[in-house]
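Me: Please take a close look at one part of this model and describe its surroundings. Then set that part against the chain as a whole.

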Amino acid sequence: MSRFSRKQRQLPELNTSSLPDLIFTVLFFFMIVTTMRSVPLKVGFVSPEGKTLSKIQKNNEMLYILAGYPVGKQQNPEGQPVIIQVADQIVPLDKVSEKVAEYKDNLMLDEQEKLTVVLKIDRHVPMGIVNDIKMALRKADVLKVHYTAASASQNEEKK
């Protein structure tokens, strides 16, 4: 046999002293990158479908106006009143222009020029109400308006 005996080598243990630092670094990264919804949704809506859609760049000040039916009632909107939510408050249709003007006045002058209103409107809301909202925005002198919609492929994936 051989003169020299072989020693069995053992693997050294894994050094885990830097693991907590790594975990906290990843945690802080996700805390910084993740955005939280700052406006609670009080209006439920099903997005209408669109064919030629484009994404909005979020470099401007944005105000979200939602029009739809009470949360959970959008499946059967017959007879349900349309609810309009401006930012985080439920507002009647005749007060929309006042609320938007108040929101605009609270912004700085350079942000007022860049203010964009994003309309998220349920597909079952009558077009007359949409036109009334647009007229209220004109009255508040807010002319940059975007509409949200889902592509047909996104709605098929949800079903």
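Reply: Leu-41 sits in the loop that runs between helix H1 (19–33) and strand S1 (43–44). The model is a predicted one. Leu-41 has a relative accessibility of 40%, so it counts as partly exposed, since that class covers values between 20% and 50%.

Once neighbours within four places in sequence are set aside, the contacts of Leu-41 are Leu-66, Val-71 and Gln-85. A distance can be given for Pro-70 as well: it is separated from Leu-41 by 29 residues in sequence, while the two C-alpha atoms are 9.9 Å apart in space.

On one side of this loop is helix H1, which spans 19–33. A nonpolar surface patch is formed by Leu-19, Leu-22, Ile-23, Phe-24, Val-26, Leu-27, Phe-28, Phe-29, Phe-30, Met-31, Ile-32 and Val-33, and together these residues have about 1200 Å² of accessible area. Phe-28, one of the patch residues, lies in helix H1. Its relative accessibility is 48%, so Phe-28 counts as partly exposed. Phe-29 falls in the partly exposed class too, with a relative accessible area of 49%, and Phe-30 is partly exposed at 48%.

Aromatic pairing is the next point. A pair of aromatic rings is described by two quantities, the distance of the centres and the angle of the planes. Where rings pair if their centres lie within 6.5 Å, the count comes to one aromatic pair. The pair consists of Phe-29 and Phe-30, with ring centres 5.3 Å apart and planes at 70°, so it is edge-to-face. The angle decides the class because planes over 60 degrees apart count as edge-to-face. Both Phe-29 and Phe-30 also belong to the nonpolar patch.

As for the whole, the protein chain has five helices and eight strands. Along the sequence their order is α-β-β-β-β-β-α-α-β-α-β-β-α. The protein chain has 159 residues, of which 27% count as buried. About 12600 Å² of the protein chain is exposed, and carbon and sulfur atoms supply 54% of that area. Taking contacts between residues at least 6 apart in sequence, 73% join residues at least 24 apart.

To return to the loop, Leu-41 is partly exposed and is in contact with Leu-66, Val-71 and Gln-85.

Key. Residues numbered from 1 in each chain as written. Predicted model: local features only at pLDDT ≥ 70, side-chain atom pairs only at ≥ 80, totals over all residues. Heavy atoms only, no water. Helix = DSSP H or I, 4+ residues; strand = E, 2+ residues; numbered from the N terminus. Buried < 20%, exposed > 50% of the residue type's maximum accessible area, 1.4 Å probe, protein only. Contact = heavy atoms within 4.5 Å. Phe/Tyr/Trp six-rings, centres within 6.5 Å; stacked < 30°, edge-to-face > 60°. Patch = residues over 30% accessible without salt bridge, like charges linked within 9 Å, V, L, I, M, F, W, Y side chains within 5 Å. Areas by Shrake-Rupley, 256 points an atom, 1.4 Å probe, with all protein chains shown as cover. Salt bridge = Lys/Arg side-chain N within 4 Å of Asp/Glu carboxyl O.
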